[in-house]
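This report goes through one protein model by strand, sheet, helix and core. The sequence and structure come before the details.

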Amino acid sequence: MVQLTEPIVRMIKHPDTNKVLATVSPDGKPHMIVCGSLDIADDGSIIVGEAYMYRSAKYLEANPEAEILVWKGNTAYSIKAVARSRETSGPLFDRMSRFLDRMNMTTVAVWRFEPTEVWDESASDTSGDRVI
């Protein structure tokens, strides 16, 4: 697992950041969803609350490779990650449930992702550079 830098963590945690989770279907087709429940766990892993993630959850079970795109203004990062667990109880599940309850969504599970690399996707001269 790579350790995310503080600017990337801040961007993930910021409520106004745009967040997208990309998975791949068993037949190789990309699938993306808006992912408002993206957050960082204490161990540095990325967590995502599963609510209305019908196809994404099915695809992650078949292929744990994922990519997460976060951006705010002209700054953007693409985070390649691997789904390591799907939790249906415990402290992270409870934390995510409180968050999604405020949006009238039911938490089915919490996915824990291990970030493996990060790329700069900003609208700048550093676009396309590997960050981590």
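## Thr 23 and Val 24 in strand β1

Not counting neighbours up to four places away in sequence, Thr 23 makes contact with Lys 29, Pro 30, His 31, Ser 56, Tyr 59, Leu 60 and Glu 65. The model is a predicted one. Thr 23 belongs to strand β1. Its relative accessible area is 2%, so Thr 23 falls under the 20% limit and is buried.

Val 24 is also found in strand β1. Val 24 has a relative accessibility of 30% and counts as partly exposed, because this value lies between the 20% limit for buried and the 50% limit for exposed. With neighbours within four places left aside, the contacts of Val 24 are Lys 29, Tyr 59 and Asn 63. From Val 24 to Asp 101 the C-alpha distance is 28 Å, at a separation of 77 residues in sequence.

## The β1-β2 hairpin

Strands β1 and β2 form a hairpin, with 5 residues between them. Gly 28, in the turn, has a positive phi of about 85 degrees. The two strands pair in the antiparallel sense over 5 bridges; Thr 23 has His 31 in β2 as its bridge partner.

In a regular strand, side chains alternate between the two faces of the sheet. Strand β2 shows such alternation: His 31 and Ile 33 point to one face and are buried. Pro 30, Met 32 and Val 34 point to the other face and are not buried.

## The sheet

The strands of an open sheet of 7 run in the order β2-β1-β5-β6-β7-β4-β3, with antiparallel pairing. At the edges stand β2 (30-34) and β3 (39-40); each has a single partner strand, so one side of each has no neighbour in the sheet. Strands β5 and β6 are antiparallel and are joined by 8 bridges. Glu 67 has Lys 80 in β6 as its bridge partner.

Helix α3, residues 91-101, packs on this sheet and touches β3, β4, β6 and β7. The direction of α3 makes about 60 degrees with that of β4. In the loop between α3 and β7 lies Thr 107. Thr 107 has a relative accessible area of 9% and is buried. Its contacts beyond four places in sequence are Glu 50, Phe 93, Met 96, Ser 97 and Leu 100.

## Helices α1 and α2

In α1 the buried residues are Ile 8, Val 9, Met 11 and Ile 12. Around the axis they cover an arc of only 160 degrees, which puts them on the same side of α1. These buried residues pack against β1, β3, β4, β5, β6 and β7.

Which residues of α2 are buried? They are Ser 56, Ala 57, Tyr 59 and Leu 60. Seen down the axis of α2, the buried residues fall within an arc of 165 degrees, so they line one face of the helix. The face turned away from the buried side carries the exposed residues Tyr 54, Lys 58, Glu 61 and Ala 62. The buried residues of α2 pack against β1 (18-24), β2, β4, β5, β6 and β7.

## Nonpolar cores

The largest nonpolar core has 25 residues. Leu 4, Ile 12, Leu 21, Leu 38, Ile 46 and Phe 113 have the most contacts inside it. At least two residues of this core come from each of α1 (6-13), β4 (46-50), α2 (54-62), β5 (65-72), β6 (75-87) and β7 (109-120). Another core, of 8 residues, lies apart from it and includes Ala 41, Ile 47, Phe 93 and Met 96.

Residues up to four places away in sequence aside, Phe 113 touches Leu 21, Ser 45, Ile 46, Val 48, Leu 60, Ala 66, Ala 81, Val 82, Ala 83 and Arg 84.

## An aromatic pair

A pair of aromatic rings is described by the distance of the centres and the angle of the planes. The count of aromatic pairs comes to 1. Tyr 52 and Tyr 54 form an edge-to-face pair, at 6.3 Å centre to centre and with 80 degrees between the planes. Tyr 52 is exposed at 55% relative accessibility, and Tyr 54 is exposed with a relative accessible area of 63%.

Methods:
Residues are numbered from 1 along each chain as its sequence is written. This is a predicted model: local features need pLDDT of at least 70, side-chain atom pairs count only at pLDDT 80 or more; totals for chains, interfaces and linings use all residues. Side-chain values use heavy atoms; hydrogens and water are left out. A nonpolar core is a set of buried Ala, Val, Leu, Ile, Met, Phe, Trp, Tyr and Cys residues joined through side-chain atoms within 4.5 Å. Buried means under 20% relative accessible area, exposed over 50%, partly exposed in between (1.4 Å probe, protein chains only). Helices (H or I, at least four residues) and strands (E, at least two) are DSSP runs, numbered from the N terminus. Contact means heavy atoms within 4.5 Å. Two strands pair if DSSP finds at least two bridges between them. Axes are lines fitted to C-alpha atoms, for helices over the stretch in contact, and angles run from 0 to 180 degrees between N-to-C directions. The arc is that of the directions from the helix axis to the C-beta atoms. Rings of Phe, Tyr and Trp (its six-membered ring) pair if their centres lie within 6.5 Å; planes under 30 degrees apart count as stacked, over 60 as edge-to-face and the rest as tilted.
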